[in-house]
Amino acid sequence: MTPNSILEIIGNTPTVRLTRVSEDLGLNVFGKIEGLNPGGSIKDRTSLAMIQNGVACGKISATTTIVESSSGNMAIGLAQVCSYYGLKLIIVTDTKANPHTLQMLRAYGAQIEMVNKPCIGSGLLGARLNKVKELLAVIPNSFSPNQYKNKLNPQTHFQTMAEIHQAVQHIDYVLVATSTCGTLMGCASYLEENSPQTQLIAVDAIGSVIFGQPPCSRLIPGHGSGMPSSFLKKNSVHQVVAISDEECVEGCHYLLEKESILAGGSSGAVVSALHQIKSTIPNGSRCVLMLPDRGERYLDTIYNPSWVTENFETVTPEKRKVSL
């Protein structure tokens, strides 16, 4: 059946066996390729769900201004959906946003509000959320989907996990990177109902506060958070693996080297996390990696040798490709 719009091809992304990674690790490893969504990431799903629900509930009309905080993928997902529906969009972002992301937002016609100074205790995310509140207070007929508290965020990813389960059947482990924890908790809900034997592994960033770690500066946008998640149910997660920015870079280059998949920073994080815990996983186990986005928006950073050398002096080209 021919889709009637670009929005109708969001979701139902392929789950691919990562043959060379599997051979390396002695496991059966699969990747959910969310970068094949039309906006390039898993956040296309939540963007569409939240805007369509806002329209259905009467919170969004043709003259509504959408205001949202995002450092990357959600911004692009919303920009695509709002562009299609002719809605004005203001994205509140910060200095860690990739230049490629900002260029894409401008191409879609989104307005960008840049936050430069972090809030004490909540970092740049807290500053962005404060700016959203300020804008909502002064812009008539404005609405924020609020990915950080909107229940449609995790609910959307019940379907994402259902697609994986249909493709792979018996699953031993699922590794999911954290940010809002919407994807993580959506997967948890599905697994608890349909595959309770599957181990759900949360892949957090070193310096993220989601699981109670002390905060510190991070370079990779969209992985980890400077504020606790309103969705997180810790007892639904079987294990937490904390990954550094450097390990994100190494994981991305390894995935590109082995499978020719150009993926984003949080994808590199889940790849590195699997390597970190592989000694605890029985040989032949079926492991699914959630790969949230494409790597083009990271060409100026993760895939730029000068940027990598500048920020990670110990990461040699050889280590980036094959050290894991």
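A crossing counts as right-handed if the near helix is turned clockwise from the far one by less than a right angle. With that in hand, the helix pairs of this predicted model can be described in turn, after a quick look at the fold as a whole.

The protein chain carries 11 helices and 10 strands. Its C-alpha trace spans about 60 × 45 × 40 Å along the principal axes. A compact globule of 324 residues would be expected to show a radius of gyration near 20 Å, and the protein chain, at 19 Å, agrees with that. Buried residues make up 57% of the 324 residues. As for how the chain folds back on itself, 70% of the contacts with a separation of 6 or more link residues 24 or more positions apart.

Helix α2 (residues 43–56) and helix α3 (residues 73–85) are a good place to start. Their axes come within 8 Å and cross at roughly 45°. At that angle α2 is oblique to α3, because angles from 65 to 115 degrees count as roughly perpendicular and those under 35 as roughly parallel. The crossing of α2 past α3 is right-handed. On the α2 side, the contact draws on Lys-43, Asp-44, Thr-46, Ser-47, Leu-48, Met-50, Ile-51 and Gln-52. Facing them from α3 are Asn-73, Met-74, Gly-77, Leu-78, Gln-80, Val-81, Cys-82 and Tyr-85. Sorted by character, the residues of this contact come out as 8 nonpolar, 6 polar and 2 charged.

Next along the chain comes Leu-129, which sits in helix α5 (residues 123–138). Leaving aside residues up to four places away in sequence, Leu-129 touches Ser-69, Tyr-148 and Met-227. Gln-276, by contrast, lies 147 residues from Leu-129 along the chain, with 34 Å between the two C-alpha atoms.

The loop between β6 (142–143) and α6 (152–168) holds Asn-146. Most residues other than glycine have a negative phi. Asn-146, which is not a glycine, instead has a positive phi of about 55°. Its relative accessibility of 26% makes Asn-146 partly exposed.

Helix α6 itself packs against helix α7 (residues 182–194) at an angle of about 55°, with the two axes 7 Å apart. That angle makes α6 oblique to α7, and the crossing of this pair is right-handed. Asn-153, Pro-154, His-157, Phe-158, Met-161, Ala-162 and His-165 are the α6 residues involved. They meet Gly-182, Thr-183, Met-185, Gly-186, Cys-187, Ser-189, Tyr-190, Leu-191, Glu-193 and Asn-194 of α7. This contact divides into 8 nonpolar, 8 polar and 1 charged. Ser-189, found in helix α7, is partly exposed, with a relative accessible area of 34%. From Ser-189 to Met-161 is 28 residues in sequence, and 9.0 Å in space from C-alpha to C-alpha.

Further on, Ser-260 occupies the loop between α8 (245–259) and α9 (265–277). Here too a residue that is not a glycine has a positive phi, of about 55°. Ser-260 counts as exposed, since its relative accessibility is 59% and the threshold for exposed is over 50%.

The helices on either side of that loop, α8 and α9, have axes that come within 7 Å and cross at roughly 90°. So α8 is roughly perpendicular to α9. From α8 the contact takes in Glu-247, Cys-248, Gly-251, Cys-252, Tyr-254 and Leu-255. From α9 it takes in Gly-265, Gly-268, Ala-269, Val-271, Ser-272, His-275 and Gln-276. The residues of the α8 contact with α9 split into 6 nonpolar, 6 polar and 1 charged.

Beyond α9, Lys-278 is found in the loop that leads on to β10 (286–291). Lys-278 is partly exposed, at 35% relative accessibility. Its C-alpha atom is separated by 17 Å from that of Ser-267, 11 residues apart from it along the chain.

Technical notes: Residues numbered from 1 in each chain as written. Predicted model: local features only at pLDDT ≥ 70, side-chain atom pairs only at ≥ 80, totals over all residues. Heavy atoms only, no water. Axes fitted to C-alpha atoms, helices over the stretch in contact; angles between N-to-C directions. Helix = DSSP H or I, 4+ residues; strand = E, 2+ residues; numbered from the N terminus. Parallel < 35°, antiparallel > 145°, perpendicular 65-115°, else oblique. Contact = heavy atoms within 4.5 Å. Nonpolar A, V, L, I, M, F, W, Y, C, P; charged D, E, K, R; others polar. Rg over C-alpha atoms; globule rule 2.2 N^0.38 Å. Buried < 20%, exposed > 50% of the residue type's maximum accessible area, 1.4 Å probe, protein only.
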